[in-house]
Amino acid sequence: MEHKKVFNSIEKETKHGTIVIEGPVPSEDLANLTFHEELIAFRNPVQQHKAIIEIAKLPEGRIIIVRDKNMIVGYCTFLHPDPLERWSQGNMENLIELGAIEVIPKFRGTGVGKELLRVSMMDDAMEDYITITTEYYWHWDLKGTGLNVWEYRKMMEKMMMAGGLEYYATDDPEISSHPANCLMAKIGSRVDNESIQQFDQLRFMNRFMY
């Protein structure tokens, strides 16, 4: 399939000033922006900056950013699932994963996370995809936010729902290993029935094992 990408941008007023939420941002533009030193959820800032630049170069890769002047203060990534995950086993061109979402502490609680998801879905091409996200409690910043597991899960659900993602059941062992973990997905309006059935088979791969 052809991975079309149409750039969208909105401005948002916060108590810390006006920020821009925009994307998908091309790799060369990402390389010319400063990456905030407090974006450390997944790896150190220098490595993470390189990682999003590389993701943006992928045919299906999408990076949506929160920009404070010339500095990236938040981002989310979309790309095909990791080859080691079950979600890649169908080799589905039209299945992409919201792999990471992160905002610096200064802008948390301002609704920026929801806006990242809304801007991500502004591109009509997203209606051609099944978009998934796998939420694992061990990735969550419980210490930094002061939230417990269930409060954080509720916050994540609200944020994902802003992008049209909803809860889907699965027998994936990692997700099933803790009740706070979950799979959320958005099936685009132009996704064919065969792809939906394939996604259902990926969700329940253990169904015929017993």
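Reader: What is the relative accessible area of D128?
Author: This is a predicted model, numbered from 1 along each chain as its sequence is written, in which local features need pLDDT of at least 70 and side-chain atom pairs count only at pLDDT 80 or more, while totals for chains, interfaces and linings use all residues. Side-chain values rest on heavy atoms, with hydrogens and water left out. With a 1.4 Å probe and protein chains only, buried means under 20% relative accessible area, exposed over 50%, and partly exposed in between. D128 is partly exposed, and its relative accessible area is 25%.

Reader: Which residue meets D128 in a salt bridge?
Author: A salt bridge requires a side-chain nitrogen of Lys or Arg within 4 Å of a carboxyl oxygen of Asp or Glu. For D128 the N to O distance is 2.7 Å. The pair links distant parts of the chain, 62 residues apart: D128 lies in the loop between α3 (112–120) and β7 (130–135), and its partner in the loop between β9 (182–187) and α7 (193–203). The partner is partly exposed at 42% relative accessibility, and the residue is R190.

Reader: How many residues apart are R86 and D171?
Author: The side chains of R86 and D171 form a salt bridge with an N to O distance of 2.8 Å. R86 is in the loop between β5 (71–79) and β6 (95–103), whereas D171 is in the loop between β8 (166–168) and α6 (173–176), so that the pair joins distant parts of the chain. R86 is buried at 8% relative accessible area, and D171 is buried at 17%. The separation is 85 residues.

Reader: Which residue is linked with R86 and D171 in a network of salt bridges?
Author: By the salt-bridge rule, the count comes to 13. R86 and D171 belong to a network of such bridges. The residue linked with them is D172.

Reader: In which helix do E54 and K57 lie?
Author: E54 and K57 form a salt bridge, with the closest N and O atoms 3.1 Å apart. E54 is partly exposed at 45% relative accessibility, whereas K57 is exposed at 52%. Helices (H or I, at least four residues) and strands (E, at least two) are DSSP runs, numbered from the N terminus. The two residues are 3 apart, about one turn, in residues 45–57, which form helix α2.

Reader: Which residue in β6 is the bridge partner of C76?
Author: Strands pair if DSSP finds at least two bridges between them. Strand β4 (residues 62–68) joins β5 through 7 bridges in the antiparallel sense, with I64 opposite C76. β5 and β6 are also antiparallel, over 6 bridges. In β6, the partner of C76 is I101.

Reader: How many of the 9 residues of β5 are buried?
Author: β5 also pairs with strand β3 (residues 34–35), which runs parallel to it over 2 bridges, and T34 stands opposite M71. β5 is mostly covered, and of its 9 residues the number buried is 7.

Reader: At roughly what angle do the axes of α3 and α5 cross?
Author: Axes are lines fitted to C-alpha atoms, for helices over the stretch in contact (heavy atoms within 4.5 Å), and angles run from 0 to 180 degrees between N-to-C directions. G113, K114 and L117 in α3 meet K158, M159 and M160 in α5. The axes of α3 and helix α5 (residues 149–161) come within 8 Å, and the crossing angle is roughly 35°.
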